[in-house]
Amino acid sequence: LRAIAAFSVIIVILFFVIIVSCLLSDGYAQEANKAPTLKGHNHQAMMDMKRNYIKTNFEVASDREAAFWTAYDEYTEAEMRIYKEQSQLKSQANLPHRGDTTALTDEQILQKYSINLQTKKKLLVAEEAFFEKLKKALTPQEMDAYYKCEKKFLRMAVSKQKEGRLGEGTR
């Protein structure tokens, strides 16, 4: 279980890296007849792509499927709430959501990174709660398969983000 917990922390960190890379991109675009391409800070689009990938590539026994998706949806809703709170805190503090920080005062820089750290802590708490729900909803083998599927999505997303084509071929 320590290995699964450590793996969960790695997944949270990788997901955060993906979100940050999305924040560093310019704008959000979607072409007709194509999957969404992330550019900007549209967390919902990223989470939708992740959900679709998991739904397509992760198999769970039908008697555990509803419990899994309920836990998953609660977790992603918590993530969205946390990111929204982060955005609101940065807006209230008159901090940029992304980009150059050279114009910020020392106090603003510290505040920005303090908000980012608090966000990471909240995300970890949400991940731990999700992990506990997964332990009740899935078998250990299914949990392992889920985390492997999620890791595969994250690797694919990072690779495609680097290539500038996130959203294409997520199956």
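**View 1. Packing of helices H4 and H5 in the predicted model.** H4 and H5 are oblique to each other, because angles count as oblique when they fall outside the ranges under 35 degrees, over 145 degrees and 65 to 115 degrees. The two helices pack at an angle of about 140°, and their axes lie 10 Å apart. On the H4 side, the contact is formed by Glu127, Phe130, Phe131, Leu134 and Lys135, and on the H5 side by Met143, Tyr146 and Tyr147. Six of the residues in this contact are nonpolar and two are charged, with no polar ones.

**View 2. The largest nonpolar core.** This core has 30 residues, of which Phe68, Phe130 and Tyr146 touch the most other members. At least two core residues come from each of helix H2 (43–57), helix H3 (62–92), helix H4 (106–137) and helix H5 (140–163). In soluble globular proteins, nonpolar side chains tend to be buried together.

**View 3. Surroundings of Tyr146.** With residues up to four places away in sequence not counted, Tyr146 touches Lys50, Ile54, Phe58, Phe68, Tyr72, Phe130 and Leu134. Phe68 and Phe130 are, like Tyr146, among the core members that touch the most others. Phe130 and Leu134 also belong to the H4 side of the contact with H5.

**View 4. Surroundings of Thr119 in helix H4.** Thr119 has 4% relative accessibility and therefore counts as buried, the limit being under 20%. Apart from neighbours within four places in sequence, Thr119 is in contact with Ile82, Tyr83 and Gln86.

Notes. Residues are numbered from 1 along each chain as its sequence is written. This is a predicted model: local features need pLDDT of at least 70, side-chain atom pairs count only at pLDDT 80 or more; totals for chains, interfaces and linings use all residues. Side-chain values use heavy atoms; hydrogens and water are left out. A nonpolar core is a set of buried Ala, Val, Leu, Ile, Met, Phe, Trp, Tyr and Cys residues joined through side-chain atoms within 4.5 Å. Buried means under 20% relative accessible area, exposed over 50%, partly exposed in between (1.4 Å probe, protein chains only). Helices (H or I, at least four residues) and strands (E, at least two) are DSSP runs, numbered from the N terminus. Contact means heavy atoms within 4.5 Å. Axes are lines fitted to C-alpha atoms, for helices over the stretch in contact, and angles run from 0 to 180 degrees between N-to-C directions. Ala, Val, Leu, Ile, Met, Phe, Trp, Tyr, Cys and Pro count as nonpolar, Asp, Glu, Lys and Arg as charged, and the others, Gly among them, as polar.
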